[in-house]
Amino acid sequence: MTAASQPLPLSLNVSTPLIGTVRVPGDKSISHRALMLGALAVGESVIEGLLEGEDVLATAAAMRAMGASAERTGDGLWRVNGVGVGGLLQPQTALDMGNSGTSTRLLMGLVASHAITATFTGDASLSKRPMGRVIDPLSLMGARFEASPGGRLPLTMAGLCPAVPLRYVLPVASAQVKSAVLLASLNAPGVTMVIEKTPTRDHSERMLTGFGAQVTVEDAPEGRIISIRGEAELKPQAIIVPGDPSSAAFPMVAALIVPGSDVLIENVGVNPTRAGLIQALRMMGASIELLNEREVGGEPVADLRVRASALSGIEVPPEIAPSMIDEYPILFVAAALAGGTTVARGLGELRVKESDRITVMAEGLRACGVRVEELEDGLVVHGTGGERRAGGATVASHLDHRIAMSFAVLGLAAHRPVIVDDARPIATSFPSFVPLMESLGAESR
Ligand SMILES: O=C(O)C1=C[C@@H](OP(=O)(O)O)[C@@H](O)[C@H](O)C1
Ligand SMILES: C=C(OP(=O)(O)O)C(=O)O
């Protein structure tokens with residue numbers, strides 16, 4: 001974290017409905033990929049709407065450290081001058097990935113098929129997260145690793161140029177692992193195949209196609225098979241990044257739980273591989289309208305009109321988990337205000353995010369007076385049917401932006417303040433979160 005060096009407590013409250021029209025910043029997943037593919041194309045790519053959060057800035061810095069240029073120009077656009085597939089240079093110092101799992105795992109994929117050695121470091125949260133899931137396939141492609149115990153950061157890796165093509169069945173539903181293999185394959189001869197049993201976000205496939213790589217996607221009995229032809233030549237692109245549905249999730253749930261609210265969130269990505277939260281909230285009775293549906297830069301986009309709604313607890317279908325994997329913390333907040341019980345399972349992956357999002361949400365909700373039961377792979381939340389929760393607690397964000405924003409939103413529907421102990425992690429993905437919530441009528445302290 002680069003901003004304040006002292007913890008920054010935050011609490012939100014509101015005494016009126018939330019009303020207004022807002023835009024959330026650019027999609028984090030698409031922003032990372034735009035910088036990386038731009039850096040591998042020959043010539044200048046131009047990116048509009050890039051998320052300027054700390055995670056994406058870590059990716060931009062790494063691309064510069066490996067020879068590409070990636071700069072914001074006066075017109076607010078980002079211009080990336082790429083070095084060509086196979087052209088990345090040896091970084092002179094360790095690549096500091098900050099808090100960002102996506103930067104780390106996707107960049108490991110890029111380094112894997114270049115004749116360079118790179119060291120990856122990260123903050124205390126990232127240094128606890130498993131990298132074995134990318135070390136395994138990238139080793140099969142020829143890269144060599146020296147990792148910290150448990151396959152963690154800091155780690156040093158040496159790539160192989162060209163890499164060995166691979167057929168890989170993903171052992172976990174992870175777009176980061178899928179993307180690491182696809183990016184490594186760009187500099188491997190022949191066809192690499194990744195097979196996923198459950199579809200995960202497909203931004204890499206879409207953008208690789210846009211940059212001119214030969215990618216095919218086939219739904220087969222064993223799962224979704226993504227095939228890519230290596231030794232690709234990427235052509236520079238003009239990319240428009242839509243608003244991040246994972247960021248839109250916070251004002252969306254806030255509008256649902258603050259009585260009388262009516263909020264329009266414009267220009268939100270609604271790619272089906274990311275839209276699980278809308279599906280789950282609608283099952284709970286949420287009023288969410290998709291207006292002006294359109295396609296922007298190869299991604300489906302819509303404006304979302306969200307009105308306060310009486311929510312009911314549901315069983316969240318486990319098969320939609322990959323399409324809302326980052327949205328469970330804020331879904332649990334909606335569940336806390338719903339009538340009846342919400343049960344969410346199949347969420348083992350939540351334990352290896354920026355924090356253990358099952359335990360951390362369970363502890364924080366309990367501290368705010370919500371009855372919850374923690375499962376090994378999920379959470380049961382007993383809602384109050386809209387009655388305001390006690391609040392009056394200080395909740396630890398554990399270096400996790402989504403935990404910090406979720407409890408800030410819960411504070412909007414609590415009797416007494418919910419204080420997030422440290423809001424600095426919010427800058428990793430949604431630097432304008434507090435001013436955006438204020439523009440809708442929330443007050444921050
Ligand atoms: O590919 C991506 O951009 C991401 C994939 C997901 O992680 P996993 O692949 O680990 O599930 C998600 O949680 C993360 O925020 C972004
Ligand atoms: C899990 C997340 O990101 P990352 O894996 O890139 O740190 C997230 O943004 O919720």
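Which residues does Gln176 touch, not counting residues up to four places away in sequence? In this predicted model, the partners are Gly101, Thr102, Arg105 and Leu106. Gln176 sits in helix H5, which spans residues 175-185. With 22 C-beta neighbours inside 10 Å, Gln176 counts as buried. A UniProt record (unreviewed entry) also places the feature "binding site" at Gln176.

## Overall architecture

The protein chain has 445 residues, and 56% of them count as buried. Its secondary structure comes to twelve helices and 24 strands. The radius of gyration is 21 Å. A compact globule with 445 residues would have a value near 22 Å, so the chain agrees with that expectation. Along the principal axes, the C-alpha atoms fill a box of roughly 60 × 45 × 45 Å. Contacts reach far along the sequence. Among those between residues at least 6 apart, 77% join residues at least 24 apart.

## Two domains

The domain assignment gives domain 1 (12-26 + 242-444) and domain 2 (28-240). Their C-alpha centres lie 29 Å apart. Across the boundary, 24 residues of domain 1 are in contact with 28 residues of domain 2. The side of domain 1 that touches domain 2 has nine nonpolar, eight polar and seven charged residues.

## The ligand shells

Where does ligand 1 lie relative to domain 1 and domain 2? Both domains give residues to the shell around ligand 1, so this ligand lies between them. The shell holds Ser29, Thr102, Ser174, Ala175, Gln176, Ser179, Arg201, Ile325, Asp326 and Glu349. Helix H5 supplies the largest share, three residues.

Ligand 2 is surrounded by Asp55, Ser100, Gly101, Thr102, Asp326, Lys353, Glu354, Arg402 and Ser429. Domain 1 and domain 2 each give at least three residues to this shell. Thr102 and Asp326 appear around ligand 2, and Thr102 and Asp326 also appear around ligand 1. The classes of the two shells are set out below.

| Shell | Nonpolar | Polar | Charged |
|---|---|---|---|
| Ligand 1 | two residues | five residues | three residues |
| Ligand 2 | no residues | four residues | five residues |

## Annotated positions

For "active site", UniProt lists Asp326, in an unreviewed entry. The "binding site" feature of the unreviewed entry covers Lys28, Ser29, Arg33, Ser174, Gln176, Asp326 and Lys353. Asp326 thus carries both annotations.

Asp326 is placed in the loop between strand S18 (315-316) and helix H9 (328-336). Is Asp326 buried or exposed? Asp326 counts as buried, because 23 C-beta neighbours fall inside 10 Å and the cut-off is 20 or more. Leaving aside residues up to four places away in sequence, Asp326 touches Ser246 and Arg402. Arg402 is itself part of the shell around ligand 2.

Lys353 is found in another loop, between strand S19 (341-344) and helix H10 (357-367). With 20 other C-beta atoms within 10 Å, Lys353 is buried. Lys353 belongs to the shell around ligand 2.

## Helices H8 and H9

Helix H9 is mostly covered: nine of its nine residues are buried. They are Tyr328, Pro329, Ile330, Leu331, Phe332, Val333, Ala334, Ala335 and Ala336.

Helix H8 spans residues 276-283, and its buried residues include Gly276, Leu277, Ile278, Ala280 and Leu281. What do the buried residues of H8 pack against? Their partners are helix H7 (245-257), strand S16 (287-296), S18 and H9. Gly285 follows H8 and has a positive phi, near 105°.

## Gly210

Gly210 is found in helix H6 (residues 203-210). Gly210 is buried, with 20 other C-beta atoms within 10 Å. Its contacts are Gln237 and Gly298, not counting residues up to four places away in sequence. The C-alpha atoms of Gly210 and Ile240 are separated by 12 Å, and the two residues are 30 residues apart along the chain.

Note on methods. Residues numbered from 1 in each chain as written. Chains lettered and ligands numbered in written order. Predicted model: local features only at pLDDT ≥ 70, side-chain atom pairs only at ≥ 80, totals over all residues. Helix = DSSP H or I, 4+ residues; strand = E, 2+ residues; numbered from the N terminus. Rg over C-alpha atoms; globule rule 2.2 N^0.38 Å. Buried ≥ 20, exposed ≤ 12 C-beta atoms within 10 Å, placed from the backbone. Contact = placed C-beta atoms within 7 Å. Near = placed C-beta within 6 Å. Nonpolar A, V, L, I, M, F, W, Y, C, P; charged D, E, K, R; others polar. Domains from an automatic or database assignment. UniProt positions renumbered as here; feature names shortened; annotations may be inferred.
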